[in-house]
Amino acid sequence: MPVGPLLISWTVRIALLCYAVATVIILLQPATIHRSRILRPLWTAGALLFVAHVTAAFHFEHHWSHAEAVQSTAIQTEHLIGIPLGQGLWFSYLFVLLWMADAAWSWIQPSKWLNRRPTITLALHAWLFFIAFNGAVVFEAGPTRPAGILVTALLAGLALRRLQNSPSANHH
């Protein structure tokens, strides 16, 4: 297999693996500096690998053309749902921007990052999870799809467990 498709596939797979493991850590461990020492490098590696994925896709598949990337996205979306929506590429750009900004925040202000309002963490992870799920399950085929479904089930189960054990859940 040529190097381009390998880079495109494996950078996103490893990035999403970093995302999944980091999310498991977030769901299982309280926000402590100890968790931060494990989480920040993993979270940042995932974000950087996703940037590498986007870079490889633009270089090898889209020839550094935004218009070509939009057209490719429209074709994939039309194949999947019957409607050509190339604008969906902007959702991917937002995914990269949010993940990189959050990773940077984790290094610039680690204690504020660890102790931010839960609503910020929830909103961020809801968006990242939505895009990751679509990329790994909805728009993917082959071995990545069943792996994505398995990871989705694991993360959903852990999130439900976390919600059930939260102090606000016990007061109802």
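Me: What span should helix 4 have, and how far apart are its end C-alpha atoms?
Reply: Helix 4 (residues 89-108; helices are DSSP runs of H or I with at least four residues, numbered from the N terminus) has 20 residues and should span 28 Å at 1.5 Å a residue, and its end C-alpha atoms are 29 Å apart, which agrees. The expected span is 1.5 Å times one less than the number of residues. This is a predicted model, in which local features need pLDDT of at least 70 and side-chain atom pairs count only at pLDDT 80 or more, while totals for chains, interfaces and linings use all residues. Residues are numbered from 1 along each chain as its sequence is written, and side-chain values use heavy atoms, with hydrogens and water left out.

Me: Which residues of helix 4 are buried?
Reply: L89, F95, V96, W99, D102, A103 and S106 are buried, where buried means under 20% relative accessible area and exposed over 50%, with partly exposed in between (1.4 Å probe, protein chains only). Seen down the axis of helix 4, these residues fall within an arc of 160 degrees (taken from the directions from the axis to the C-beta atoms), so they line one face of the helix.

Me: And which exposed residues are on the face turned away?
Reply: That face of helix 4 carries W90, L97 and I108.

Me: Switching to H125, is it buried or exposed?
Reply: H125, in helix 6 (residues 118-138), is buried, with a relative accessible area of 12%.

Me: What does H125 touch?
Reply: Not counting residues up to four places away in sequence, H125 touches Y19, T23, I26 and W43, contact meaning heavy atoms within 4.5 Å.

Terms used
Helices (H or I, at least four residues) and strands (E, at least two) are DSSP runs, numbered from the N terminus.
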